[in-house]
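Dear colleague,

I am passing on the structure below, together with some notes on what turned up when I went through it. Please read them with the model open beside you.

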Amino acid sequence: MCLHYIERREGNIINTQELKKILAQAPKETDHWDFKQKWYSKENGGNGELVLDILNFANTVHNDDCYIILGVSDDGKIVGVETDPNRKNTQKLQDLISKVDFAQNSYPKTNIETFEIDGHSLDVITIYNSKEVPYFLRKNKKRKNKAEIIAGKIYSRVGDSNTPNDGSISDKQLENLFNKRFGLDEDINTKYKCILKEVNNWNYILDQSVFCKKYIYKPAPIYTIEISNYSEYHNLFFEPFIIDDVKTTIRWKLIKLYFNNTVVANYPCIELEKSQAIIIEPDYYEIKLDNYLNYYGFLKNDIRLLLNNILNSNVTLSQEREILNNIQKNIVIFKNQKQKSDCEKKFVQDYRNKLIKFSFNERYKTEIAASIYNLLNLNGSEEVAEKVLEEKIICKFMNSYIEKLDS
């Protein structure tokens, strides 16, 4: 059975820094971007030519967004489009595309952003990556002073060239497009990352025959998630990120991701009996100072974060959700490795400048130590509690700094 899914992407995909990197390569063009000196007009094919260029980029075999950058001359100089009378915004472009008779009523998704570079306005049309390829028309589309776009024909961008109006894509290109459509060009981890974003497409069941919980992906039941007891861990470990809910019973579980009947990945996690929340164990990061400081976190593209969303989708009661939210405050989520590095550098700088102090309420520390002792019967629980509270302070700093970076 083949899986057909669509990758949804939101927000601004390209930023000024990324655009400048592309402009530095002008006038070189690729299967990711094209330069235009001015907007499409009657003299250069009009709206039909614009639709054709979008078709070519929408049918690329890679899994990246593509860009048409307007306001760059043939020799790569920035000339701008600030006085161009044919400029469009996102709404006008989407209205234009939605009126074109695409087969299967599936049409490319686009966006337009304006950037001010070297005193000029550049318009960038983003053609979003999609798994709905190949796109093609059901009826011919006219172009001003040029041959029509032919219905049923598949146009595609290869390198710096579009499919000629009287030409055709190769059998291999067509095969690659259908591999992209059905996810056959990606590894199993990438497929899982994509379908885990579709929270509403997962059905929860309790399998009484083997006493385990399962989630089944409705569009393709060959993808399943199983939650079973983790006897190797039992209650032998206490994880500091659950510090605000240590009074509840902690049960270690094992998450298994299946493709057909094959386990493709597994992750230890904690189930909190009081709230029914499930937290997959994050990474344990280390900051090197005079002593070693640690904290818990994820990178944003980590599959475990997406799994957490699925596994906690049924946590709806306000009290249960509050417990889950409190736990998540003790875990730092970074956009990427660079943001993680920036936050750690800022922490080290403030720590050395004595702007960060590991001070906490002694009564609170005693309560935490008692809970840890009761849970694990662990000697030296006062020292463990102090270490746990240090990690909580680090996470609070990191999360606050990320908010400043994002604001």
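Which residue in E13 is the bridge partner of Tyr-258? In this model, which is predicted, the partner is Val-263, and the pair belongs to a longer arrangement in which strand E12 (residues 250–259) and strand E13 (residues 262–272) run antiparallel and are joined by ten bridges. The two strands form a hairpin with two residues between them, and Asn-260, which lies in that turn, has a positive phi of about 55°.

On from there, E13 also pairs with strand E14 (residues 277–280), again in the antiparallel sense, and four bridges hold this pairing. One of the pairs to look for here is Ile-270 with its bridge partner in E14, Ile-279.

As for the chain as a whole, its secondary structure comes to ten helices and 17 strands. Of its 407 residues, 48% are buried, while the chain exposes about 21,300 Å², with carbon and sulfur atoms supplying 47% of that area. Among the contacts with a separation of 6 or more, 65% are between residues 24 or more positions apart.

Lastly, there are two cavities of 30 Å³ or more. The second largest has a volume of about 30 Å³, and its lining is made up of Ala-103, Gln-104, Ser-106, Glu-132, Pro-134, Tyr-135 and Phe-136, which divide into four nonpolar residues, two polar and one charged.

With best wishes

Conventions. Residues numbered from 1 in each chain as written. Predicted model: local features only at pLDDT ≥ 70, side-chain atom pairs only at ≥ 80, totals over all residues. Heavy atoms only, no water. Buried < 20%, exposed > 50% of the residue type's maximum accessible area, 1.4 Å probe, protein only. Contact = heavy atoms within 4.5 Å. Areas by Shrake-Rupley, 256 points an atom, 1.4 Å probe, with all protein chains shown as cover. 1 Å grid on protein atoms, 1.4 Å probe; cavity = no way out; pocket = protein on both sides within 12 Å on 5 of 7 lines; lining within 4 Å. Points joined across faces, edges and corners; volume = space filled by probe spheres on them. Nonpolar A, V, L, I, M, F, W, Y, C, P; charged D, E, K, R; others polar. Pairing = 2+ DSSP bridges.
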